[in-house]
Amino acid sequence: MKNIIKCNCIALALSLLMLMPIFANNNKAVHPGSVYLFAYTPENLSGRTGLQFAWSVDKENWHSVGQNHNFLLSDYGRWGSQKKMKSPYLFQDAGGVYHCVWSLNDKDGSFAHAASKDLITWGRQSYQEVMQDKNCLKPIVSQNNGIFTISWKSSANGTNGLFAVTTSNFINYSETKTIQDSKRSDLRESITISGILQNGTVHKVSWDLVNNLIKNEQLTTYNNQLKEESSKTDAIRFASLKPLNATMTVEATRSKKISNMLTGVFFEDINYAADGGLYAELIQNRDFEYASSDKEGRDKTWNSSKSWTIEGNQNAFTIDSLAPIHENNKHYAVLKTTEVGKGLSNEGFDGIALKAGDKYDFSLFCRNLAAAKTKIIVRLTGKNGEKYAETSINSNSVNWKKYNAVLVSNKTATDAKLEILPQNQGSIALDMISLFPQKTFKGRKNGLRADLAQTIADIQPKFMRFPGGCVAHGDGIDNIYHWKNTIGPLESRKGQRNLWGYHQSMGLGYFEYFQFCEDMGAAPLPVVAAGVPCQNSGTGGAGQQGGIPMDEMDEYVQDVLDLIEYANGDVNTKWGRKRAEAGHPKPFNLKYVGIGNEDLITDIFEERFTMIFNAVKAKHPEITVIGTVGPFYEGTDYNEGWALADKLNISMVDEHYYESVGWFINNQDFYDKYDRSKAKVYLGEYAAFLPGRPNNIETALAEALYLTSIERNGDVVSMASIAPMLAKEGHTQWNPDIIYFNNSEVKPTVGYQVQKMYGNNAGDVYLPNSITLSDGNEAVQKRIGVSVVRDSKSNDLILKLVNMLPVAVNTQLDLKNLGIAASQATRILLTGTPDSKAALPKTDAIAIDENFSTEMPAYSFTLIRIKTK
Ligand code: AHR
């Protein structure tokens with residue numbers, strides 16, 4: 001133990017030393033006026049490290065601007081292998097703006113371009129397709145009177161050639177032409193950096209420019225160190241810290257209105273959140289539409305018969321697609337029975353969970369292929385053949401016909417399977433074989449798992465965002481989520497590959513989402529793709545931003561307008577009628593539509609987003625359209641997204657950031673710095689993480705701490721939803737999540753408890769407050785967060801006190817002039833060791849007055865709800 005502490009002390013001392021350069025003296029008198037800057041991307045690292053710089057006074061001795069730095073990373077293509085940057089060519093235009101063009105890889109006929117004024121902040125990237133069936137290597141640029149000529153080598157298909165295009169703006173390009181070698185002068189040089197020969201461009205630049213690069217790198221290093229702060233080093237950081245005293249006052253006279261919708265939820269079909277999760281269907285692959293493409297051919301067992309097993313050696317089960325029930329539901333099963341008494345079984349999603357005495361609605365579509373009549377026994381059985389429930393149907397049609405039955409389980413079990421047992425020899429066609437518990441959330445047909453849905457509803461979310469996330473914009477344009485595919489009779493819905501590596505049946509579709517929102521009292525917040533797929537798409541289009549072709553965009557825009565009509569339109573409208581036919585004549589009162597999901601803000605994006613945005617604003621000015629500003633709290637997409645919001649006068653934008661606990665501790669002033677005259681913020685995805693990605697007291701408290709600052713900024717942040725929400729054990733692609741589950745249990749995390757505490761205790765008025773701690777150390781101060789809100793409906797005052805310190809803080813509260821109306825208040829306390837995953841909030845009553853003291857235990861979140869006059 002001693003040794004570990006010693007090592008940590010050394011690490012801490014070292015990291016402090018590393019901060020020193022930030023304050024390094026920039027003595028103009030001794031620094032050169034100009035130096036050489038070498039721009040390259042290390043070829044030996046296969047181009048995945050982005051653009052790097054080295055600088056030199058004499059072109060002999062080269063220095064790094066920072067360890068492991070990069071100044072420009074490629075955004076092209078799928079995560080992992082595709083985001084490469086080869087042969088960068090940096091140059092400055094006549095106006096002094098730096099441009100960089102580079103090759104993406106050895107096969108695509110596109111080069112990339114980005115520009116920057118200071119080599120630190122880069123604008124959008126574009127990927128111009130200039131060759132078809134040929135690659136685009138070693139691009140170089142020459143310029144003449146504002147016209148840039150980009151030339152490159154192409155070596156594909158046995159041809160070696162030189163080609164060029166011209167442009168004045170890097171948006172519109174001339175036709176590709178063949179050129180002669182003499183027209184090309186490649187100014188790249190070979191320089192040895194750290195013993196390795198690298199190829200790139202050398203530029204004579206001012207020392208100030210390089211000095212800014214170095215300082216920026218030092219700032220990044222410093223910020224990264226703050227990000228790494230966690231409770232692991234608290235024993236050192238707070239070695240001499242004793243329990244603290246604090247005084248807190250709340251101002252009665254000054255207050256501001258804040259959003260009353262701050263806490264909501266984000267539902268995405270990730271981690272088996274929908275099929276096999278919230279959607280109560282118990283049969284996996286009920287429509288035989290699973291396809292090997294769902295898993296891009298990587299899983300040999302994943303196909304139309306996934307989850308189905310034929311029993312009886314002489315029986316046969318095949319998949320057919322001739323005359324299906326519906327063109328959107330092409331595949332069905334053909335069951336040929338020779339051995340009567342044995343048949344087809346389905347294992348559900350890791351087994352079917354049943355409750356003794358509960359009723360289950362069974363249905364299937366059947367078409368007799370031989371006999372005129374077939375009796376089919378439907379049975380739920382256990383691993384060892386135990387019979388849990390049985391019923392039968394009589395199939396009597398040579399056309400597709402739906403049959404229904406009810407099964408009552410005689411046992412509570414988690415291992416059941418469903419058996420379909422024809423009682424005659426012969427062949428039948430089967431499809432849409434379905435089993436639902438009757439006890440769904442609010443008893444809805446085609447409903448939701450009651451326990452999971454109730455756990456979500458218990459947060460009292462003010463809104464629900466759906467259906468994604470990446471699922472909304474999809475992996476390539478063919479995978480974009482189209483809401484129209486998800487409504488209407490189940491047999492007509494069009495399932496598709498889920499980009500998280502499985503299949504989405506669309507049984508949980510837009511009607512069900514709207515219905516769930518209404519059942520929870522949450523505002524629906526659908527997100528549609530902005531006409532472009534996910535920025536990390538690996539399929540379709542010209543790289544990640546292959547948008548919907550412009551000649552198909554009108555139709556796509558109309559789909560978005562139709563969605564609003566589906567939600568809100570009169571029953572006499574085309575889409576309002578469809579909602580009524582589904583059982584909901586009243587409108588769903590849709591007020592928000594998100595366009596785009598943390599997309600790259602490129603020209604292709606902007607063109608399509610603007611079309612959709614303008615059309616919705618023109619036809620439905622009552623709808624708040626939510627724009628998108630990229631996947632991070634900073635960077636090109638964040639800057640460009642906000643610039644676009646300003647340009648189009650978008651009233652709300654969706655920000656996303658998954659960051660470390662240290663980031664959340666050190667960035668509580670993030671929104672304090674926001675311009676109140678600009679768009680409002682919807683923090684659509686956020687979560688605090690630690691190495692190993694647990695959801696524990698430490699991550700939960702980091703979120704609770706940050707949320708005190710969100711409440712303080714509730715005049716600029718309108719809504720916030722942590723992400724992701726649901727995760728099925730054994731099928732989790734992303735951690736941490738806030739609710740884990742299996743087929744029979746729901747396991748809310750400590751992070752969930754924080755959301756619930758905030759959701760159940762929202763206010764609409766913020767009361768300025770101040771807290772003075774007996775220790776003025778910044779690291780101590782940053783770990784205490786307080787927020788005071790009033791709920792105008794109940795007139796309750798709600799205090800939220802977060803302590804991320806390893807010691808208790810005895811707090812003296814001054815609540816005078818706030819109209820305290822009772823001598824008791826309700827306290828909810830969530831506390832535990834930082835690594836605790838099992839802590840539960842405890843509620844009690846505490847005595848209060850205008851002045852009273854309360855203890856914030858070490859690592860705790862205390863919520864006090866006080867009645868006022
Ligand atoms: O929440 C998981 C994923 O994180 C979402 O799909 C995406 O929007 C983000 O990158």
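Leaving aside its neighbours within four places in sequence, which residues is Ser 363 in contact with? The first legend below takes that up, and every view comes from a predicted model.

**View 1. Ser 363 in its strand.**
Here we're zoomed in on Ser 363, a residue of strand E22, which runs over residues 359-368. Skip the neighbours within four places in sequence, and the contacts of Ser 363 are Lys 402, Tyr 403, Asn 404, Met 432, Ile 433 and Ser 434. With a relative accessibility of 11%, Ser 363 counts as buried, because the cut-off for that label is under 20%.

**View 2. How the chain is carved up.**
The domain assignment splits this chain into four entries, and two of them come in two pieces: domain 2 is 241-255 + 765-866, and domain 3 is 265-274 + 442-759. Domain 1 covers 2-226, while domain 4 covers 292-439. For a sense of scale, the C-alpha centres of domain 1 and domain 3 are 35 Å apart.

**View 3. Where domain 1 meets domain 3.**
This close-up sits on the contact between the two, with 15 residues from domain 1 and 20 residues from domain 3 taking part. Together they bury about 1,400 Å², and 43% of that is on carbon and sulfur atoms. On the domain 1 side, look for Arg 78, Arg 124 and Leu 226: this trio supplies 44% of the area that domain 1 buries against domain 3, more than any other three residues. As for polar chemistry, three salt bridges cross the interface, and seven residue pairs are in polar contact between the two domains. Sorted by class, the side of domain 1 that touches domain 3 has six nonpolar, five polar and four charged residues.

**View 4. Arg 124 and its charged company.**
Stay at the interface and go in on Arg 124, which pairs with Asp 603 in a salt bridge, the closest N and O atoms being 3.0 Å apart. That pair doesn't stand alone: Arg 124, Asp 603, Glu 606, Glu 640 and Lys 647 are linked in a network of salt bridges.

**View 5. Three more salt bridges.**
The structure holds 43 salt bridges, so this view just samples a few, counting N to O pairs within 4 Å. Lys 342 and Glu 339 make one, with the closest N and O atoms 3.8 Å apart. Lys 342 is partly exposed at 38% relative accessible area, and Glu 339 is partly exposed as well, at 24%. Asp 451 and Arg 449 make another, at 2.9 Å from N to O. Asp 451 is partly exposed at 32% relative accessibility, whereas Arg 449 is buried at 10%. Then there's Glu 778 with Lys 782, whose closest N and O atoms are 4.0 Å apart. Glu 778 counts as exposed, since its relative accessibility is 57% and the label needs over 50%.

**View 6. The buried residues of helix H4.**
Helix H4 spans residues 450-457, and its buried residues are Leu 452, Ala 453, Thr 455, Ile 456 and Ala 457. What do the buried residues of H4 pack against? Two helices are listed, H6 (510-520) and H13 (750-760), along with strands E16 (265-266), E37 (726-728), E38 (739-741) and E39 (746-748). A handy reminder for reading this view: an α-helix has 3.6 residues a turn, so residues three or four places apart point the same way.

**View 7. Glu 512, a buried acid.**
Next up is Glu 512, which lies in helix H6. Is Glu 512 buried or exposed? Its relative accessibility is 8%, so Glu 512 counts as buried. The side chain of Glu 512 has a polar contact with the side chain of Asn 446 at 2.9 Å. Leaving aside neighbours within four places in sequence, Glu 512 touches Asn 446, Thr 486, Arg 493 and Gly 507.

**View 8. Tyr 706 among its neighbours.**
Finally, Tyr 706 sits in helix H12, residues 697-712. Tyr 706 is buried, at 0% relative accessibility. Beyond the neighbours within four places in sequence, its contacts are Tyr 657, Trp 663, Phe 664, Asn 667, Gln 668, Phe 670, Tyr 671 and Leu 683. With Tyr 657 there is also a side-chain to side-chain polar contact, at 2.7 Å. If you want a long ruler for the whole model, Tyr 706 and Ile 179 are 527 residues apart in sequence and 58 Å apart in space, C-alpha to C-alpha.

Definitions and conventions. Residues numbered from 1 in each chain as written. Predicted model: local features only at pLDDT ≥ 70, side-chain atom pairs only at ≥ 80, totals over all residues. Heavy atoms only, no water. Domains from an automatic or database assignment. Contact = heavy atoms within 4.5 Å. Buried area = accessible area lost by both parts, 1.4 Å probe. Salt bridge = Lys/Arg side-chain N within 4 Å of Asp/Glu carboxyl O. Polar contact = N/O pair within 3.5 Å; in protein donor to acceptor, adjacent residues only side chain to side chain. Nonpolar A, V, L, I, M, F, W, Y, C, P; charged D, E, K, R; others polar. Buried < 20%, exposed > 50% of the residue type's maximum accessible area, 1.4 Å probe, protein only. Helix = DSSP H or I, 4+ residues; strand = E, 2+ residues; numbered from the N terminus.
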